[in-house]
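Welcome! Here are a few exercises to work through with the model open beside you. Try each task before reading its solution.

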Amino acid sequence: MILLLINYGLPAMGLRIPIFTAAVVGIGLRSSAYQSQIYRGAIQSVGGSQMKAAMSLGMSKLTAFTHIIAPQAIRIAIPPVTNESAIVLKDTSLAFTIGVVELVRQGDYFIATSNAPMTIYLTVAAIYFVLTTTINLALSFFEKKYQIPGIGIEGGHSDAY
Amino acid sequence: MPTSHLLKIEDLHHNFGKEEVLKGISFSLDKGETKVIVGPSGTGKSTILNNIIRLVPPDRGKIYLEDVEITSTKKINEVRQQIGFVFQDFGLFNHLTAKGNVMIGLTKVKKMDKKEAEELAMFELDRVGLKNFADSYPSQLSGGQAQRVGIARALAMQPKLILFDEPTSSLDPELTGEVLRVMKSLAEEGMTMLVVTHEMGFARSVADELIFMEGGNIVEQGYPEKLFNNPEHKRTKEFLFQLVDLYGEGEE
């Protein structure tokens, strides 16, 4: 819906933008709304006592945020961000609705010339699978790398043994 | 108004909503003194400490650190650097090691050189007996160790005084003992301390003055021995002896 609004609404208001830009802006807007909530939740879950302790040392609110709150909040946010990344990746197929040639549309073109829909769609699905898995693995790696010893359930990852 | 005291509190008032928790508290603290505030829960003992460094700004009254009036100063962060604070729930930064916790105030607030900060952090950790735990994270420490890191963190800032907000109330008796021993040795080294606690043994053996509060007022203050043996108010006696019954006289 946002995509359609941006693609057809903005030109109506006199602002012409390429469809690719419209797709990026549209998907970006939706995801940023979701992600802002992820980070808001993560920041809140760090807890007020950390801020109090930081301020008791004479830190300004900004210093306390960058050195105390943010490093902890980002760690908490990694799992939901992993989720959101996979969703955004799949959302790109919606760009199809405003005419951007993305993975699915490209697949359609091949089907039109080769007449092998199953093979092509399965290939497209496989490409999506590889992309999402790569993103998940990468973020899971970061999650482990920056895990604070003793915090959280050890090995509680999606790829736990 | 300049004062010769290190810390002076005048007619401090504080409300939480409609409830008045501090109804005009005045006392002072001289360099090298240890004063202990006792009293039932909800009488505003912790609020006084929070008011002093303005984690909770007071509603009325004045607080002076040496001759600076700190209730209205704009440079509150400079004041906070000079006053250490030890929390009931330790307030350690979970993503940093014990050493990191002690160092961060030095490097980020005092802008100290990293190497220098590390040396000082190790010195302070050694002082509270935790040199071997420098690389442990807070969640890997026992409560008593965590609180001693909290004390080391406060000490490293080289404050003029340290405020202790019920530092041992979430610890078992054994861990309480190790924290109190550290605090006692600090008092003996001449650190100025204002302590809110229920540990009567500590109050009796370390405090220069005991302040008994109830209902937002100071009921009685004086030498610990006087309050224990010869209190002016019946209530003081009642309360202090209840605590002694509950917690014992302490191990000292």
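Contact means heavy atoms within 4.5 Å. One thing to keep in mind throughout: this is a predicted model.

**Exercise 1. Find what share of the contacts in chain B between residues at least 6 apart in sequence join residues at least 24 apart.**

Solution. Start with the contacts in chain B whose partners are at least 6 apart in sequence. Then keep those whose partners are at least 24 apart, which gives 65%. For the setting, chain B holds nine helices and 10 strands.

**Exercise 2. Check the radius of gyration of chain B against the value for a compact globule.**

Solution. Step one: for 252 residues, the globule rule gives a radius near 18 Å. Step two: chain B has 18 Å, so the two agree. Step three: look at the extent along the principal axes, where the C-alpha trace of chain B spans about 55 × 45 × 35 Å. Step four: turn to burial, where 58% of the 252 residues count as buried. Finally, the surface: chain B exposes about 10,900 Å², of which carbon and sulfur atoms supply 46%.

**Exercise 3. Compare the charged side chains of chain B by number and by place.**

Solution. Count each set, and you get 30 positive and 38 negative side chains. Next, locate the centre of each set; these centres lie 6 Å apart.

**Exercise 4. Work out whether the end-to-end reach of helix H2 of chain A fits its number of residues, and find what its buried residues pack against.**

Solution. H2(A) covers residues 19-46, which makes 28 residues. At 1.5 Å a residue the expected span is 40 Å, and the reach from first to last C-alpha is 40 Å, close to that expectation. Now list the buried positions: among them are Ala22(A), Gly26(A), Arg30(A) and Ile38(A). In an α-helix there are 3.6 residues a turn, so residues three or four places apart point the same way. The buried residues of H2(A) pack against helices H1 (2-12), H3 (48-56) and H4 (61-91) of chain A. Just after the helix, Gly47(A) takes a positive phi of about 100°.

**Exercise 5. Do the same for helix H5 of chain B, and say how many of its residues are buried.**

Solution. The 14 residues of H5(B), 143-156, should span 20 Å at 1.5 Å a residue, and the end C-alpha atoms are 20 Å apart, so the helix agrees with the expectation. As for cover, 14 of its 14 residues are buried. Just after H5(B), Gln158(B) has a positive phi of about 50°.

**Exercise 6. Which residues does Lys52(A) contact, leaving aside neighbours within four places in sequence?**

Solution. First place the residue: Lys52(A) lies in helix H3 of chain A. Its relative accessible area is 32%, so Lys52(A) is partly exposed. Its contacts are Asn50(B), Leu55(B) and Phe87(B). Follow Asn50(B), which sits in helix H1 (residues 45-52) of chain B. With 7% relative accessibility, Asn50(B) is under the 20% cut-off, and therefore counts as buried. Beyond residues up to four places away, Asn50(B) touches Lys52(A), Leu55(B), Val56(B) and Phe85(B).

**Exercise 7. Where in chain B do Asp11(B) and Glu66(B) lie?**

Solution. Most residues other than glycine have a negative phi. Asp11(B), in strand E1 (residues 7-16), has a positive phi of about 50°. Glu66(B), in the loop between strands E4 (60-65) and E5 (68-69), has a positive phi near 50°. Accessibility is 37% for Asp11(B), which counts as partly exposed, and 33% for Glu66(B), also partly exposed.

Terms used: Residues numbered from 1 in each chain as written. Chains lettered and ligands numbered in written order. Predicted model: local features only at pLDDT ≥ 70, side-chain atom pairs only at ≥ 80, totals over all residues. Heavy atoms only, no water. Helix = DSSP H or I, 4+ residues; strand = E, 2+ residues; numbered from the N terminus. Rg over C-alpha atoms; globule rule 2.2 N^0.38 Å. Buried < 20%, exposed > 50% of the residue type's maximum accessible area, 1.4 Å probe, protein only. Areas by Shrake-Rupley, 256 points an atom, 1.4 Å probe, with all protein chains shown as cover. Lys, Arg positive; Asp, Glu negative; His and termini not counted. Charge placed at Lys NZ, Arg CZ, Asp CG, Glu CD. Expected span 1.5 Å × (residues − 1).
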